[in-house]
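Me: I would be grateful for a close look at one part of this structure, taken slowly and with its surroundings. Please choose a helix and describe how it is placed.

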Amino acid sequence: MRFLEFDGAGYTLPGGPVLLAAVSFAADPGDTVVVLGRSGAGKSTTLKLVNRLLDPTAGRVLVEGRSTTDWDPIRLRRRTGYAIQEIGLFPHFTVASNVALVPQLEGWPEPRRRARVAELLELVGLDPPTFAERMPSELSGGQRQRVGIARALAADPPLLLLDEPFGALDPVTRSGLRREFQALASRLGKATLFVTHDVAEALFLATTIVLLEHGRVAFAGPPEAFRRSDAAEARAFLEAS
């Protein structure tokens, strides 16, 4: 049984176009599957099928061997860490309150929440006494992104969904966070689905690259095979990098 599996999954808008068609790939704990593609290729739709923001209109998406449509959406989402490019921190919550949100919803006692916040801020390189009580407006873009990743990890979910999490950052900050995330991913052993349109990011982070073109899989395999691929869309990305 694979931890996360797309089994011929597709999604068509009601009365509208096909956004995804016959997508198949899998991820296990410790894997980072990078979903690569141009704008409109279906990358974000792929993520939304995992945490039931959308349900597939064809095929299946399975988490821990169960179809997502058999999961309670709230239970599924609380087992999934989610971080996006816009970060989405609550502006009137402190850093600590943002990170502790899901553990609080899960009913963790306050001492356990406080300890988890400190642990995670250390993990993402933010000194807890310095940053825990700051507001998001007092942070740089890179610091806010670190808090977003800490929040995604807060309840120790087995599955991470990351939608262009570094896309809004300057190149230097982005490169640094990319390296730190790679180190974190290897230590934490989560199954990770990471969306990007940046081929260098994909080649650096992925254990598997899934390249989407017009909602279909143009390539799926390890970075080394991607570099050698004759698929026209793969060559276009490599030549543009």
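**Helix α8 and its setting**

Reply: Helices α7 and α8 are roughly parallel to each other, because the angle between them, about 20°, falls under the 35 degrees that set the limit for that description. The model in which this is seen is a predicted one. Two packed helices are described by the angle between their axes and by the distance between those axes. For α7 and α8 that distance is 11 Å, and α7 passes α8 in a right-handed crossing. On the α7 side the contact is made by G142, Q145, R146 and L153; on the α8 side T173, L177, E180 and L188 take part.

Turning to α8 itself, the helix covers residues 171-188. Its 18 residues should span 26 Å at 1.5 Å a residue, and the C-alpha atoms at its ends lie 25 Å apart, so the model agrees with the expected span. After α8 comes G189, which has a positive phi near 65°.

The buried residues of α8 are R174, G176, L177, R178, F181, L184 and A185. An α-helix has 3.6 residues a turn, so residues three or four places apart point the same way. Within α8, R174, L177 and F181 are among the buried residues, as are L184 and A185. L177 thus appears twice in this account: it is buried, and it belongs to the contact with α7.

The buried residues of α8 pack against several elements. Among the helices are α5 (110-123), α7 (141-153) and α9 (199-205); the strands are β3 (32-37), β7 (159-163) and β8 (191-196).

Elsewhere in the model, an open sheet is formed by four strands in the order β2-β1-β4-β5, with antiparallel pairing. Its edge strands are β2 and β5 (66-67), each of which pairs on one side only. Strand β1 (residues 4-12) is joined to β2 (residues 18-27) by six bridges, and A9 has V23 of β2 as its bridge partner. Five residues lie between the strands in the hairpin of β1 and β2, where G15 adopts a positive phi near 65°. Five bridges join β1 to β4 (residues 58-63), again in an antiparallel arrangement; here L4 stands opposite V63 and E5 opposite L62. Helix α1 (residues 43-50) lies across β1, β2 and β4, and runs at about 115° to β1.

Note on methods. Residues are numbered from 1 along each chain as its sequence is written. This is a predicted model: local features need pLDDT of at least 70, side-chain atom pairs count only at pLDDT 80 or more; totals for chains, interfaces and linings use all residues. Side-chain values use heavy atoms; hydrogens and water are left out. Two strands pair if DSSP finds at least two bridges between them. Helices (H or I, at least four residues) and strands (E, at least two) are DSSP runs, numbered from the N terminus. The expected span of a helix is 1.5 Å times one less than its number of residues. Buried means under 20% relative accessible area, exposed over 50%, partly exposed in between (1.4 Å probe, protein chains only). Contact means heavy atoms within 4.5 Å. Axes are lines fitted to C-alpha atoms, for helices over the stretch in contact, and angles run from 0 to 180 degrees between N-to-C directions. Angles under 35 degrees count as roughly parallel, over 145 as roughly antiparallel, 65 to 115 as roughly perpendicular and the rest as oblique. A crossing is left-handed if the near helix is turned anticlockwise from the far one by less than a right angle, and right-handed if clockwise.
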